[in-house]
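The following exercises concern strands, helices and a surface patch. Please work through each task before reading its solution.

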Amino acid sequence: MSVWLIEPLDPLIARDGLPAAAVGKFSTVGFPYPSTTAGAARTRMGSEGGAFVVQREALGELKNVEVRGPLLAELAENGDVLQWLAPAPRDAVFLRPEGEDRPNLHRLIPRPLEEGEATDALPEGGLLPLFVLGEAPTGKPPGGIPSFWRWEELEGWLLAPKDRTGVDFGALGIRKLPVETRTHLALQPGERVGIDGMFFQTAGLRFLYPTQTGENEERYDLSPRRLALSVWSPGGRVAGRDLALAEQIAPLGGERRLARWSKASRGWPELPEEVRESIARTARARLILLTPAVFATGALPGWNEGLAPWSGARIRITVRAASVPRPEIVSGWDLEKGRPKKTKRLAAAGSVYFLELDGGGQDDLLRWCEETWLACVSDDAQDRRDGFGLAVLGTWEES
């Protein structure tokens with residue numbers, strides 16, 4: 001895979017499309033949306049000598065260049081990828097029992113309502129509710145829950161999710177990215193006098209992450225961890241020219257702050273053989289979003305009870321249960337049409353869909369697994385090309 005790293009050299013302002021005047025400052029979302037990195041990557045491909053050279057009539061072709069991601073990466077001192085980091089899956093619940101120092105991890109599983117149970121929280125369509133396996137756990141949600149899991153931890157969860165006691169958050173992953181706030185004042189040209197009303201703040205994401213020491217979640221050493229965004233793109237041909245990313249220092253996000261663009265030392269992780277074999281044997285799977293997805297009907301995909309638009313395998317997919325938080329909202333600027341984009345409701349990264357697969361034989365199921373792993377699963381083809389709905393697969397065995 002053609003994987004590239006984007007390492008912000010300054011705090012990154014990743015916007016959601018909401019005008020700054022509406023909130024009174026240039027704030028940032030907690031993690032860049034795929035449209036941010038897709039737009040930046042296409043801009044870099046279409047630039048020569050720092051200037052964007054693609055003509056307006058070719059912008060439609062440029063939008064067809066596929067860019068998947070972003071996926072968070074931790075870098076070694078030499079810039080190589082040390083490990084991948086993925087959004088925390090939403091079928092994992094943490095509770096800290098009273099009197100305990102560390103929380104317990106509980107997995108959510110779908111099952112039908114039993115006699116005496118009822119709920120009005122499920123939409124129509126036969127979705128199953130999600131429960132914690134076994135007796136109802138005790139405790140309260142702890143603070144400091146990791147927003148991103150180390151890939152080794154996520155892969156274990158995809159293969160065989162299990163309840164765990166005494167979880168070490170530092171070993172599991174990292175919290176959300178730190179936000180740095182800066183205060184700005186505009187000065188009169190040629191004078192040391194501020195301009196009235198030109199006093200504002202910006203908030204940006206730091207990609208130098210503090211390293212925890214020991215078991216105390218509030219103690220850090222002075223050697224921060226380097227983080228970067230990663231995207232995959234094969235490049236494309238636009239207006240008769242072959243376009244591809246190149247290693248460079250170039251702007252990213254608000255205020256045109258700089259980032260280092262470089263080719264990754266290795267590709268994204270491959271589909272584990274055990275996950276593939278389990279899905280082919282059971283015809284059931286968990287689909288977990290690594291980037292937010294755009295579905296026409298909201299939380300549920302439009303391909304529910306139908307065929308996958310990203311795969312040629314003749315497999316009918318039915319969503320039997322889902323763990324999806326409140327929707328996120330994103331907009332942006334349409335360079336081709338010269339106007340704001342319509343707002344979109346997103347199914348957040350980490351959302352989990354429990355799928356039943358029907359039709360075809362084992363070869364079709366295997367093909368579907370290969371074509372779904374780290375593919376984008378949004379309803380619309382352009383949203384998929386923009387990186388919305390990057391997904392991985394996990395097992396869904398009988399409990």
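Strands in these exercises are DSSP runs of E with at least two residues, numbered from the N terminus. The model is predicted.

**Exercise 1.** Determine in which strand Leu258 has its place, and classify Leu258 as buried, partly exposed or exposed.

*Solution.* Step 1: Leu258 belongs to strand β18, which covers residues 258-263. Step 2: partly exposed residues lie between the limits of 20% for buried and 50% for exposed. Step 3: the relative accessibility of Leu258 is 38%, so Leu258 counts as partly exposed. Step 4: together with Leu9 and Ile249, Leu258 forms a nonpolar surface patch with about 250 Å² of accessible area.

**Exercise 2.** Establish the strand order of the open sheet of 5 strands, and identify its edge strands.

*Solution.* Step 1: the order is β21-β22-β27-β19-β28, with antiparallel pairing. Step 2: β21 (306-307) and β28 (391-394) each pair on one side only, and these are the edge strands. Step 3: β28 is joined to β19 (residues 284-289) by 4 bridges. Step 4: Arg286 has Gly394 in β28 as its bridge partner.

**Exercise 3.** Which strands do helices α4 and α6 lie across?

*Solution.* Step 1: α4 (residues 151-159) lies across β19 and β28, at about 50° to β28. Step 2: α6 (residues 273-282) lies across β19, β27 (352-358) and β28, and its angle to β28 is about 70°.

**Exercise 4.** Describe the open sheet of 3 strands.

*Solution.* Step 1: its antiparallel order is β20-β26-β23. Step 2: the edges are β20 (293-294) and β23 (328-330). Step 3: 3 bridges connect β23 with β26 (residues 344-347), and Glu328 stands opposite Leu346 in β26.

Terms used. Residues numbered from 1 in each chain as written. Predicted model: local features only at pLDDT ≥ 70, side-chain atom pairs only at ≥ 80, totals over all residues. Heavy atoms only, no water. Pairing = 2+ DSSP bridges. Contact = heavy atoms within 4.5 Å. Axes fitted to C-alpha atoms, helices over the stretch in contact; angles between N-to-C directions. Patch = residues over 30% accessible without salt bridge, like charges linked within 9 Å, V, L, I, M, F, W, Y side chains within 5 Å. Areas by Shrake-Rupley, 256 points an atom, 1.4 Å probe, with all protein chains shown as cover. Salt bridge = Lys/Arg side-chain N within 4 Å of Asp/Glu carboxyl O. Buried < 20%, exposed > 50% of the residue type's maximum accessible area, 1.4 Å probe, protein only.
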